[in-house]
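Here's a quick tour of how two chains meet, and of how some of their helices pack. Have the model open while you read.

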Amino acid sequence: MNGMKNGGIGGRDELGRDMELAGLLSALDPAQQDPNYWFRFRSWVVESAGPELARRRLMAELTVVDVMSSWARAVLPTAVLAAAFAGLLLVRGAGPAPAPIGVEEMLVSDVEGETIPAALDARGPGATVVFASEVF
Amino acid sequence: MSSSTSDTPTDGELVQRARRGDELAFGKLVGRYQRAAYAVALSVTSRHEDAEDAAQESFLVALRRLDECRSPDRFAGWLMTIVRNRSRNLVRRESLRETDQISPIARSGVPTPDRVFETTELRGKLQKALQQLPEVQQQIVMLHDVEGWKHREIAERLDLPAGTVRSHLHFARKALRVALGGDPGESELKRKAQ
């Protein structure tokens, strides 16, 4: 199909091709009946490849800065919105500060029955040592 | 075809440029291997229309997957693998549909009725003879005797040992001669092919 040379029947060319067979098989070349066949073949392929080639050109033209800026364009507004929303939640959630809880109250808050301060009150300051030995 | 002068870019150079979307480079690759792709596809499909479709689709698939071509200088072999696979898939699909064969001339040119008959007859006989060969032998004889590829190039691009290529070529030629020689119209075939 390509570069047929004028070899004799049954002869070989410099590439070692069997020119007799090559001559016969060349009948399978579509260009034998349509000289423009291969031109049209290539045109069709290249035209069909247009979108993919365009995509590749676009990708090749993109620099690191372009990629970063396109990333920033998408991410920055989202981050700003998220920050604003978080700020709003903080402002709305800020009420009067709870009354400070003493350490003793925290220690006995879930203890049923008599609380430690009550026990201490009942026995007086001298009972502190007894309380500590019972607890620990 | 991949070795070149400064005027003729190598396959590797063309592949690199095509990866960046260079239409001219891709067009050169298509022009360089369209005949070989068609010949390989024809050896699998045995039908002009199918071979044409498979070869054209293969170039588009190759472009989409161009980044997967690990050795751009060996583009031809990589492409031929795609062509074979696409052609086999197409044959599998076609065998399910079993559509009637359309004359190869249906899409091309406007030759005279006599010429149409002669060429169609000749093509039919050649294809029948070729179909008696194993697929790989069809490819080798077409790529060597028609496309002019060297043994080494065929071996590299079809991923075969060079000795195997020579051996296949020898047996393919012998079988073709028997197939065509047994036909009383052989001399007529030769005349028509001139």
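## Salt bridges across the interface

Across the interface of chain A and chain B, the rule finds three salt bridges. Bear in mind that this is a predicted model. One pairing to look up joins the side chains of Arg56(A) and Asp67(B), with 3.4 Å from N to O.

## How much gets buried

Put the two chains together and about 4300 Å² is buried between chain A and chain B, with 64% of it on carbon and sulfur atoms. On the chain A side, Leu28(A), Gln33(A) and Arg56(A) stand out: they supply 18% of the area that chain A buries against chain B, more than any other three residues. So Arg56(A) turns up twice, in that trio and in the salt bridge with Asp67(B).

As for head count, the contact draws 38 residues from chain A and 53 residues from chain B.

## A helix pair between the chains

Now for H2(A), residues 37-48, and H3(B), residues 48-64: their axes come within 9 Å and cross at roughly 40°. That angle makes H2(A) oblique to H3(B), and the crossing is right-handed.

Who touches whom here? H2(A) brings Tyr37(A), Phe41(A), Trp44(A), Val45(A) and Ser48(A), while H3(B) answers with His48(B), Glu52(B), Ala55(B), Gln56(B), Phe59(B) and Leu60(B). Sorted by class, the contact of H2(A) with H3(B) has seven nonpolar residues, three polar and one charged.

## Inside chain B: H1 and H2

Within chain B, H1(B) (residues 11-19) packs on H2(B) (residues 23-45) at an angle of about 135°, the axes 7 Å apart. The two are therefore oblique to each other, and they cross in a left-handed sense.

From H1(B), the contact uses Asp11(B), Leu14(B), Val15(B), Arg17(B) and Ala18(B); from H2(B), Leu24(B), Ala25(B), Phe26(B), Lys28(B), Leu29(B), Arg32(B) and Tyr33(B). Eight of the residues in the contact of H1(B) with H2(B) are nonpolar and four are charged, with no polar ones.

## Inside chain B: H6 and H8

Further along the chain, H6(B) (residues 135-146) and H8(B) (residues 162-181) have axes that come within 9 Å and cross at roughly 90°, which means H6(B) is roughly perpendicular to H8(B).

The H6(B) residues in the contact are Val136(B), Gln137(B), Ile140(B), Val141(B), His144(B) and Asp145(B). Facing them from H8(B) are Val165(B), His168(B), Leu169(B), Phe171(B), Ala172(B), Arg173(B) and Leu176(B). The contact of H6(B) with H8(B) splits into eight nonpolar, three polar and two charged residues.

Note on methods. Residues numbered from 1 in each chain as written. Chains lettered and ligands numbered in written order. Predicted model: local features only at pLDDT ≥ 70, side-chain atom pairs only at ≥ 80, totals over all residues. Heavy atoms only, no water. Axes fitted to C-alpha atoms, helices over the stretch in contact; angles between N-to-C directions. Helix = DSSP H or I, 4+ residues; strand = E, 2+ residues; numbered from the N terminus. Parallel < 35°, antiparallel > 145°, perpendicular 65-115°, else oblique. Left-handed = near helix turned anticlockwise from the far one by under 90°. Contact = heavy atoms within 4.5 Å. Nonpolar A, V, L, I, M, F, W, Y, C, P; charged D, E, K, R; others polar. Buried area = accessible area lost by both parts, 1.4 Å probe. Salt bridge = Lys/Arg side-chain N within 4 Å of Asp/Glu carboxyl O.
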